[in-house]
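Okay, thanks everyone for squeezing in. I'll put the model up first and then talk you through a ligand site and a helix pair.

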Amino acid sequence: MSALEIRDISKNYGAIETLKGIDIALESGEFLVLLGSSGCGKSTLLNIIAGLAEATSGEVLIGGRSVLGVHPKNRDIAMVFQSYALYPNLTVHRNIGFGLEMRKVPVAERDKAVRDAAKLLQIEPLLDRKPGQLSGGQRQRVAIGRALVRKPQVFLFDEPLSNLDAKLRLEMRTELKRLHQMLQTTVVYVTHDQIEAMTLATRIAVMRDGRIEQLGTPEEIYNYPATLYVAGFVGAPSMNMLQAVVEDGRLAIAGSDVSLPLPAGFRNAAPNGAPVIVGIRPEALRLATGTATEFPLPVEIDVVELTGPELVTTARIGNQRLTACLPPRARVAKGEPCAFTFDEDALRLFDPATGKAFETAR
Amino acid sequence: MSGTWMTTRAWLLMLPLLMVMVAVIGWPLVDTVGLSFTDAKLVGTAGNFVGIDNYTKMLSSSNFSRTLVTTTWFAVASVAIEMVIGVLAALLLNQEFRGRTFLRALMILPWALPTVVNATLWRLIYNPEYGALNGALTQLHLIDAYRSWLGEPGTALAALIIADCWKNFPLVALIALAALQAVPRDITAASLVDGAGPFARFRFVILPYLAGPLMVALVLRTIEAFKVFDIIWVMTRGGPANSTRTLSILVYQEAFSFQRAGSGASLALIVTLLVTVLALAYAALVKKTAGSAT
Ligand SMILES: Nc1ncnc2c1ncn2[C@@H]1O[C@H](COP(=O)(O)OP(=O)(O)OP(=O)(O)O)[C@@H](O)[C@H]1O
Ligand SMILES: [Mg+2]
C-alpha cells in the first residue's frame, strides 16, 4: 500500500489548466521533491494533497484511503509554509502545540510532545517567546516543530527554505535531511532549487506547465534526463547542448568541422542523417592534455571565471558555446585554442523535434 | 552648520502655515480661555472677571452631569454597536461570492452621505404620522399604534443611536476589511490544517491582524461620538425634555441660546479636556496594540 497516491489529478482555474493529469505513488518513508520553475503548479498540487484546494478531476489517496471531500484537519497531513505561517500572538510553545490543542489532546501529553519536538529541533530555550522575537531560521524550526508534533502520515513542505539566507538555508537543508533519516516519514517537498531537490529527495518529480516531465531518483534525473527541459533545469551550470547531425556513425557538430564517434549505445536509436542535440554536463568535461583521445572537442576559450572550487570556462566550438567546469588550476586562458574531452557514458542525445532523450542500452 | 540651516529653512517653510494656525486655532483658543473666566454675554460688554466661578457652577450643575451621562451613553452604545456590526460586515464582505465588489461599494454609501441628509432621512423613517418604521412595525403586529420615536424621551436617544450607527458602521467595516485582507493566506491555511474551527480561527488568526486597525477605528469613532452635534441637532435639537442633549448641544445652548458666552466657553473647554484625556488614553492603548501581529 502506498503512503500517498495521486491519481490523474487535474486542476483548472477558469479556462486555465494549471495541472494536467498528475500521477504519483509514494511508498512510506519516501522523500518526494516537486521541482519546477515558478508557476508550474507545484503549490497547487501540494494544496490539493492538503485539501486546501480542490482538484477539478482525479483522486488523492493517503494511507490507501481516498480523501475526496475530507477536511484538511482530517487528512493526517501536516504542512510547513514558505512564510512559516506562525500564529503571531501565541508563544512558540502554543504555536507548536496548536494542532494538538485544537484536537483536545490533554495538556500534559501536549506539553511532552511540544518539548520533545523542541528538543529535536534545538529550540527549547525559545518556547516562551513570540514569533516576532525569533530569527527566520528559528521561525522555520518552530514551523517544522508544529508539523512534527502531529506525527502525521505525510508531511507537506512548500518551499520552506526560500526565505532564509544562503548559509542558513544550507544548515536547515542538512537539518531536514537528518530529521528525515531519523524519523523515516513520508514527505512531499516543493522547491524550485535544484540543489535542494538533489540533496534531499529520494525521488524527484520535475514539473513543467502542469505536467510531470520526469519522475525518478536524483541520480536518474541528473544522469539520464528524459527531456531537454529536465537536462537544462537540473544542474548548474546547466548541461551543454550542441546541435549535431548523425553522419555515418558519427556526430557532426553543426557550425564546425568537428565530429565525434556515436557511442555504441545510441547506434540503433538515432538514424543516419537525423539532427540531434548532444548533451554533455559541464562537470563531465576536462582538458585533453597532449595525447589523442576518442572524444576530442577542439575549442577556443572565451571567458574564464574562478568560483573557488572550480574554474567555469566558457568556450566556442565553431559557432556554438560550451561551458566546462575545470579544476581551479587548469591551464586555460582567454583566446587560446585548446581541447576538451569527456567519457563516452557522459554523452546524452536528444531529439530536437520532441525534446525527448534517445534511450541508450544502459 | 548645515544642520542649523536645515532647521531654519524648515521653520521658514512652515511659517505661513503656523501663522494661519495661530490665527484660526491659537488665538480663538486663548480668547476662549480668557472668556471662560468672565461673565461676558454673547453681545454687549466684555464682562467682568469672575475667576473660576463658571467652572465650579458648571461642574456642579445637574444639567452638566445629566448631559455627561447622556453623551457617554450615546458614545459607548453607538461605538460598540458600530464596532460589532462593522466587523461582522467586514467578515462577510471578505468572503468570496458574486457581487462582492458591488456590495462593498454599496456599503460605503451611508457613510458618504452628508450627516444632514442622513439625519433628515432618519427623521422621515421615524415620522410619527407616515414613517416607515411605524409602518413596518404595525404591519408586523409588533406595535398597535404609530408612535413618535423621536418625540418620546424613552426612545429618542435609542433612535438617534441607531441612525448614528447606520451612518458610521461603514467606516469601521472599511477599516476592518482592509485589515482582513492583510491576514496572510498561509496562516489561514495552517489553521485549517491544524484543525481550528471558526472561533479559534477568529481568535488566533484574524484578531491579531484586526486589533491594531480596530483600535484606531475605536479611537476615531469614540472621540467623534463624544463631540456629536450635527445629527442630534437636525433630528431632535437635544429634546424631548433634554433627553438627547449631549455636551456639544449644551455648549451651543449655553453660548448661543442663552447667550452666556463666558460660561459657554468654560463648558467648551471642559469638553475639550475630556476629549483630550480620552485621546491620550487611547493613544497609549494603540501603541500597545499596534504591532501585535508582527
Ligand atoms: N487561486 C488561483 N486563481 C487563478 N489562478 C491561480 C490560482 N492559484 C494559482 N493559479 C495559477 O496556477 C499556476 C500555478 O500556480 P502555483 O502557485 O501552483 O505555482 P508554483 O509552481 O507553486 O509557483 P511558485 O514557484 O511561484 O510558487 C500559476 O500560473 C498561477 O497563476
Ligand atoms: Mg508555490
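Before the ligand, one bit of vocabulary: when I say polar contact, I mean a pair of N or O atoms within 3.5 Å. And keep in mind that this is a predicted model.

So, ligand 1. Which side chain has an N or O atom 2.4 Å from an oxygen atom of ligand 1? That's Ser38(A). Cys40(A) comes in through its backbone instead, with an N or O atom 3.2 Å from a ligand oxygen. Then there's Glu159(A), where a polar side-chain atom sits 3.1 Å from an oxygen of ligand 1. As for cover, ligand 1 on its own would expose 640 Å², and the protein buries 58% of that.

Now the wider shell. You can see a run from Ser37(A) through Ser38(A), Gly39(A), Cys40(A), Gly41(A), Lys42(A) and Ser43(A) to Thr44(A), and the ligand is also surrounded by Tyr13(A), Thr18(A), Glu159(A) and His192(A). Sorted by class, that's 8 polar residues, 2 nonpolar and 2 charged. Which helix gives the most to this shell? It's α1 of chain A, residues 42-50, with 3 residues.

Okay, over to chain B and a helix pair. Helix α4(B), residues 100-112, packs against helix α7(B), residues 153-180. Their axes are 6 Å apart, and the angle is about 135°. So we'd call α4(B) oblique to α7(B), given that roughly antiparallel would need an angle over 145 degrees. And the hand of the crossing between α4(B) and α7(B), left or right? Left-handed.

That's my bit, happy to rotate the view for anyone.

Methods:
Residues are numbered from 1 along each chain as its sequence is written. Chains are lettered from A and ligands numbered from 1 in the order in which they are written. This is a predicted model: local features need pLDDT of at least 70, side-chain atom pairs count only at pLDDT 80 or more; totals for chains, interfaces and linings use all residues. Side-chain values use heavy atoms; hydrogens and water are left out. A residue is near a molecule or strand if one of its heavy atoms lies within 4 Å of it. A polar contact is a pair of N or O atoms within 3.5 Å; within protein, one must be able to donate a hydrogen and the other to accept it, and residues adjacent in sequence count only if both atoms are side-chain atoms. Accessible areas come from the Shrake-Rupley method with a 1.4 Å probe; for residues, only the protein chains shown count as cover. Helices (H or I, at least four residues) and strands (E, at least two) are DSSP runs, numbered from the N terminus. Ala, Val, Leu, Ile, Met, Phe, Trp, Tyr, Cys and Pro count as nonpolar, Asp, Glu, Lys and Arg as charged, and the others, Gly among them, as polar. Axes are lines fitted to C-alpha atoms, for helices over the stretch in contact, and angles run from 0 to 180 degrees between N-to-C directions. Angles under 35 degrees count as roughly parallel, over 145 as roughly antiparallel, 65 to 115 as roughly perpendicular and the rest as oblique. A crossing is left-handed if the near helix is turned anticlockwise from the far one by less than a right angle, and right-handed if clockwise.
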